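Student: Could we go through this model together and check each label against its criterion?
Tutor: Gladly; let's take the labels one at a time.

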Amino acid sequence: MKLNSVHYIETPYAGISEADYQIEKKRLQVELLKIQQRLVRENQRLAITFDGRDAAGKGSTIKRFTEFLIPSFFDIVALGIPTPSESKYWFRRYEKHLPKPGKIAFFDRSWYNRALIEPVMGYCTEPQYKYFMNKVLDWEHKQIDNGLLLVKFYLSVDEETQLLRFEDRIRNPLTYWKFSDNDLKARKKWKLYTEYKLQMLASTSSVKSPWVIVQGNKKREARLTCMLHLVRLLGEDDFTPLTGEQIVKNQEIEVAGVKFKGLSLRQIAVLEELQEQADNLQGSREEDFQASKTE
């Protein structure tokens with residue numbers, strides 16, 4: 001097993017403007033929708049984990065990933081405080097949330113809580129931590145061998161950026177609830193968290209299950225970089241960032257001989273799903289007809 005296979009991703013989006021960000025985001029979201037539809041057709045399973053410190057941008061990045069995906073074919077998993085049983089049987093806690101065939105699961109924090117915040121805050125014992133670190137790659141490799149597609153993102157932010165985001169949360173009447181006393185306690189243990197983070201990255205990244213490290217100090221850049229990595233990893237076509245192309249050509253579809261133009265991404269997804277259902281129904285009817293001719 002080759003360790004230290006960490007991927008540090010350089011962003012092509014440094015200093016991107018708001019206007020260019022919106023164009024690029026939509027281009028990437030089109031590709032993400034194509035990936036989702038292929039996963040559905042091929043009955044594949046994809047888990048994408050987002051880990052990092054508080055206010056690293058995990059939830060907002062997931063929001064951009066899922067904005068135009070078909071809702072019935074993905075889940076967002078954000079687990080709360082574990083029960084004593086869940087804390088004891090840690091991997092079992094997450095196995096029940098791994099995606100079913102044809103679905104994507106986005107983990108807003110993952111099983112790697114046991115490698116990061118839990119030991120830092122004293123929420124697990126030393127034996128529990130060591131057991132996790134010794135077993136996690138074997139567990140992940142088993143899931144991958146059983147057909148799971150797994151992508152592990154770590155969003156990295158510096159101390160000053162986290163503080164600024166905490167201040168923004170507190171001042172905003174719509175986001176103040178995101179800040180808790182526990183966030184402040186964890187911040188006071190910044191250096192200890194860093195030690196555990198470095199140990200996690202060094203010990204739990206393999207060729208089969210690598211960590212993908214994305215700099216998260218600039219939210220727009222981090223979101224696009226994560227999306228670009230997945231598109232390049234799982235997309236069928238080459239994707240060149242920042243071409244400035246609009247997505248008009250992708251906003252039309254032909255269903256039953258009728259062309260629909262000027263559609264939103266969600267409308268396209270619905271029509272394609274209906275077309276697929278119609279094709280399946282037609283195929284079923286033809287099979288029934290052929291069977292009746294032989295009776």
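Student: How many disulfides does the structure hold?
Tutor: This is a predicted model, and it holds 0 disulfides. The criterion is a pair of cysteine sulfur atoms within 2.5 Å, so with a count of 0 no pair qualifies.

Student: What makes Cys-124 and Cys-226 count as buried or exposed?
Tutor: The cut-off for buried is under 20% relative accessible area. Cys-124 has 12%, so Cys-124 counts as buried. Cys-226 has 0%, so Cys-226 is buried too.

Student: Why is Lys-25 called buried?
Tutor: The reasoning is the same kind of check. Lys-25 has a relative accessibility of 7%, which is under 20%, so Lys-25 counts as buried. Lys-25 sits in helix 1. Not counting residues up to four places away in sequence, Lys-25 touches Arg-64, Glu-67, Leu-224 and Met-227.

Student: What makes the pair of Lys-25 and Glu-67 a polar contact?
Tutor: The side chains of Lys-25 and Glu-67 meet at 3.3 Å. A polar contact needs N or O atoms within 3.5 Å, one able to donate a hydrogen and the other to accept it. The value of 3.3 Å is within 3.5 Å, so the distance fits the label.

Student: How do you know that strand 2 and strand 5 pair?
Tutor: Pairing requires at least two bridges. Strand 2 and strand 5 run parallel and are joined by 8 bridges, so they pair. One of the bridge partners is Lys-152 in strand 5, for Thr-49. Strand 2 also pairs with strand 4 in the parallel sense, over 5 bridges, and there Ala-47 stands opposite Ala-105.

Student: What about strand 3 and strand 4: how many bridges do they have?
Tutor: They have 4, again in the parallel sense, and with at least two required, they pair. Phe-74 stands opposite Ile-104 in strand 4.

Student: Which order do the strands take in the sheet, and why are strand 1 and strand 3 at the edges?
Tutor: The 6 strands form an open sheet in the order 1-6-5-2-4-3, with parallel pairing. Strand 1 (7-8) and strand 3 (74-77) each have a single partner strand, so one side of each is left without a neighbour in the sheet.

Student: What makes strand 2 mostly covered?
Tutor: In strand 2, 8 of its 8 residues are buried. In a regular strand the side chains alternate between the two faces of the sheet. Here Arg-45, Ala-47, Thr-49 and Asp-51 point one way, while Leu-46, Ile-48, Phe-50 and Gly-52 point the other way.

Student: Which helices lie across strand 2?
Tutor: Helix 9 (residues 190-203) is one of them, at about 150 degrees to strand 5, which helix 9 also crosses. Helix 10 (residues 219-234) lies across strand 2, strand 5 and strand 6, at about 155 degrees to strand 5.

Student: Which residues touch the most other members of the largest nonpolar core?
Tutor: Of its 34 residues, they are Leu-28, Ile-48, Phe-50, Phe-65, Ile-104, Phe-106 and Phe-153. The largest share of this core, 8 residues, comes from helix 10. Beyond its neighbours within four places in sequence, Phe-50 is in contact with residues including Phe-65, Phe-106, Phe-153 and Cys-226. A second, separate core of 33 residues includes Val-6, Phe-107, Met-121 and Val-136.

Methods. Residues numbered from 1 in each chain as written. Predicted model: local features only at pLDDT ≥ 70, side-chain atom pairs only at ≥ 80, totals over all residues. Heavy atoms only, no water. Contact = heavy atoms within 4.5 Å. Axes fitted to C-alpha atoms, helices over the stretch in contact; angles between N-to-C directions. Buried < 20%, exposed > 50% of the residue type's maximum accessible area, 1.4 Å probe, protein only. Core = buried A, V, L, I, M, F, W, Y, C linked by side-chain atoms within 4.5 Å.
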